[in-house]
Amino acid sequence: MRTQVCIIGGGPSGLLLSQILHRAGIDTVVLERKSRDYVLGRIRAGVLEWGTVELLRSAGVGARMDAEGFAHDGTFLALQNRGFRIDFRQLTGKQVMVYGQTEVTRDLYDARAAAEGKILHGVEGVTLHDPDGDAPFVSYVLNGTEHRVDCDYIAGCDGFHGVSRTSVPAAVRKEYERTYPFGWLGILSQTPPVSHELIYANHARGFALCSMRNRHLSRYYIQAPLDDPIEKWTDDRFWDELRRRIPDDAAQSLVTGPSVEKSLAPLRSFVAEPMRWGRLFLVGDAAHIVPPTGAKGLNLAMSDVHYLSRALIAYYRDRDVGGIDRYAATALARAWKAIRFSWWFTTTMHRFPDQSEFDQRIQESELEYLEHSAAAQTVLAENYIGLPY
Ligand code: FAS
Ligand code: PHB
């Protein structure tokens, strides 16, 4: 088989890249190791930056998001059960959209199917060949038969555990990492959200987040030890711990119910440079990971797709290689600013096991400064709604 761009990974970044290139008349093949249902069964991000909203609309996949998503003007932060609000719209003129990654991915799958896009599921043994040469190709096994895709370019959209990043030689690749000594225990419950906007809570017992998917589906997280078996977290224990950490008024009005999904996710900050090696481009989680505190993971994947799709379209239309040559530096510049914000927000909102009383007072003064300073709130707001592309 031959294509112009071979895309490894059928998550949000691979699907959006395929959709945008298709609309520009560029041929792609998407190789995904899991089934469509498996990909859609993963519960992940919930907040879209406005740049992501506009990108999805321009790619022709924004209709259901506009109909079912919730545009939020602000968010609540809380310190020791007392909350205050940050008004993004008043401070930056922008909003965020609450619309789950699962729905974004579903909309993308539906759009690719409507256009008869080539998405192969259940592929195994994906291997990149000569990504830094002039004639790269990708081999894979499907239903026991080996196949080969010859292509002009390879987009590594295969996430943190994919094969693309490690196809960049170790001697060339530089990795930066910070791991956090706790995880996020998240549940999905068919209950009305406790608040019309999100609540990020700093508490002596640990961090908590109140989010949502729609008026009848809520998403909650609490900071939890990574070595705590998830089986020990009954629904009742989760709800009790959440109540202790969120603002008092929210704790009193919280509607609880059985969890329909429960997962414990580790937190890390990670970047691999370069994001380009010859004719291979790394995109999204294949190149960088952020703790979900700042709601940046999915949104960074989307801005990478924006930069790479624009570069490839310029190449195929005008043989202009400027965007391709600038891709890695441009994507990394935006990624590092989001990684900084996500690290800052994580260190400000979570309780660290080795935290001293001095650290505790610094966190409290940071949040008190945020509560009373428009300048501090503007810095948080412009990073949260998403820095410009
Ligand atoms: P993805 O990991 O989504 O997709 C990669 C795809 O490649 C997958 O479908 C995988 O099956 C496939 N693949 C992997 N290896 C392959 C191979 N060898 N061959 C073929 N296919 C292969 N972000 C937020 O903003 N907010 C959150 O709350 C949030 N919560 C998260 C919770 C968890 C548990 C995780 C893991 C991530 C979370 N994220 C969150 C980040 C997440 O949303 C990612 O940023 C987003 O999925 C990135 O999209 P992709 O880059 O497409 O990678
Ligand atoms: C979510 O709704 O899953 C969510 C929202 C905001 C975050 C992280 C996760 O910062």
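# Helices, cavities and unusual backbone in a predicted model

Student: Where is Glu 54 placed?

Tutor: Glu 54 sits in helix α3. Keep in mind that this is a predicted model.

Student: Is Glu 54 exposed, or only partly exposed?

Tutor: Glu 54 counts as partly exposed, because its relative accessibility is 45%.

Student: And which residues of α3 are buried?

Tutor: Helix α3 covers residues 50-58, and its buried residues are Trp 50, Thr 52, Val 53, Leu 55 and Leu 56.

Student: What does the backbone do just after α3?

Tutor: Gly 60 follows there, with a positive phi of about 80°.

Student: How far is Glu 54 from Thr 347, C-alpha to C-alpha?

Tutor: The separation is 30 Å, and the two residues are 293 residues apart along the chain.

Student: Thr 347 is in α10, right? What does that end of α10 meet in α11?

Tutor: Yes, Thr 347 is in α10. Together with Trp 344, Thr 348 and Met 349, Thr 347 belongs to the α10 side of the contact. The α11 side consists of Gln 363, Glu 366, Leu 367 and Leu 370. By class, that contact has four nonpolar, three polar and one charged residues.

Student: What's the packing angle of α10 and α11?

Tutor: About 115°, with the axes 9 Å apart. Helix α10 runs over residues 322-349 and helix α11 over residues 357-372. The range for roughly perpendicular is 65 to 115 degrees, and α10 and α11 are therefore described as roughly perpendicular to each other.

Student: What about α11 and α12, how do they cross?

Tutor: Their axes cross at roughly 100° and come within 5 Å. Helix α12 spans residues 374-384. This pair, α11 and α12, is therefore roughly perpendicular too.

Student: Which residues make that contact?

Tutor: From α11 there are Tyr 369, Leu 370, Glu 371 and His 372, and they meet Ala 374, Ala 376, Gln 377 and Leu 380 of α12. The class count for this contact is five nonpolar, two polar and one charged. Leu 370 of α11 takes part here, and Leu 370 is also in the contact with α10.

Student: Switching to empty space. What lines the second largest pocket?

Tutor: The lining is made up of Arg 178, Tyr 180, Trp 343, Thr 347, Thr 348, Phe 352, Gln 355, Asp 359, Ile 362, Gln 363 and Glu 366. The volume of this pocket is about 230 Å³.

Student: Which elements supply that lining?

Tutor: β13 (174-189), α10 and α11 each give at least two residues. The largest share is four residues, from α11. By class, the lining has four nonpolar, four polar and three charged residues.

Student: And closed cavities, how many of 30 Å³ or more?

Tutor: Three. The largest has a volume of about 60 Å³, and the second largest about 50 Å³.

Student: What lines the largest cavity?

Tutor: Glu 49, Lys 296, Leu 300, Arg 334, Lys 337, Ala 338, Phe 341, Asn 383, Gly 386 and Leu 387. Helix α10 provides the largest share of that lining, four residues. By class, the lining of the largest cavity has four nonpolar, two polar and four charged residues.

Student: Which residues line the second largest cavity?

Tutor: The lining residues are Pro 12, Val 39, Arg 42, Arg 44, Gln 101, Thr 102 and Thr 105. Helix α6 (residues 101-114) supplies the largest share, three residues. By class, the lining has two nonpolar, three polar and two charged residues.

Student: Back to backbone checks. Where is the peptide bond cis?

Tutor: Between Glu 273 and Pro 274, where omega is about -5°. Pro 274 lies in the loop between β17 (259-273) and β18 (276-277).

Student: What is phi at Glu 116?

Tutor: Near 55°, a positive value in a residue other than glycine. Glu 116 lies in the loop between α6 and β8 (118-121). With 70% relative accessibility, Glu 116 counts as exposed.

Student: And what about phi at Asp 130?

Tutor: Asp 130 has a positive phi of about 50°, and Asp 130 is not a glycine either. Its place is in the loop between β9 (124-129) and β10 (137-142). Asp 130 counts as partly exposed, at 47% relative accessibility.

Methods:
Residues are numbered from 1 along each chain as its sequence is written. Chains are lettered from A and ligands numbered from 1 in the order in which they are written. This is a predicted model: local features need pLDDT of at least 70, side-chain atom pairs count only at pLDDT 80 or more; totals for chains, interfaces and linings use all residues. Side-chain values use heavy atoms; hydrogens and water are left out. Axes are lines fitted to C-alpha atoms, for helices over the stretch in contact, and angles run from 0 to 180 degrees between N-to-C directions. Angles under 35 degrees count as roughly parallel, over 145 as roughly antiparallel, 65 to 115 as roughly perpendicular and the rest as oblique. Contact means heavy atoms within 4.5 Å. Ala, Val, Leu, Ile, Met, Phe, Trp, Tyr, Cys and Pro count as nonpolar, Asp, Glu, Lys and Arg as charged, and the others, Gly among them, as polar. On a 1 Å grid over the protein atoms alone, a cavity is a set of points where a 1.4 Å probe fits but cannot get out, and a pocket is an open set with protein on both sides within 12 Å along at least five of seven lines; lining residues have an atom within 4 Å of a point. Grid points are joined across faces, edges and corners, and a volume is the space filled by probe spheres set on the points. Buried means under 20% relative accessible area, exposed over 50%, partly exposed in between (1.4 Å probe, protein chains only).
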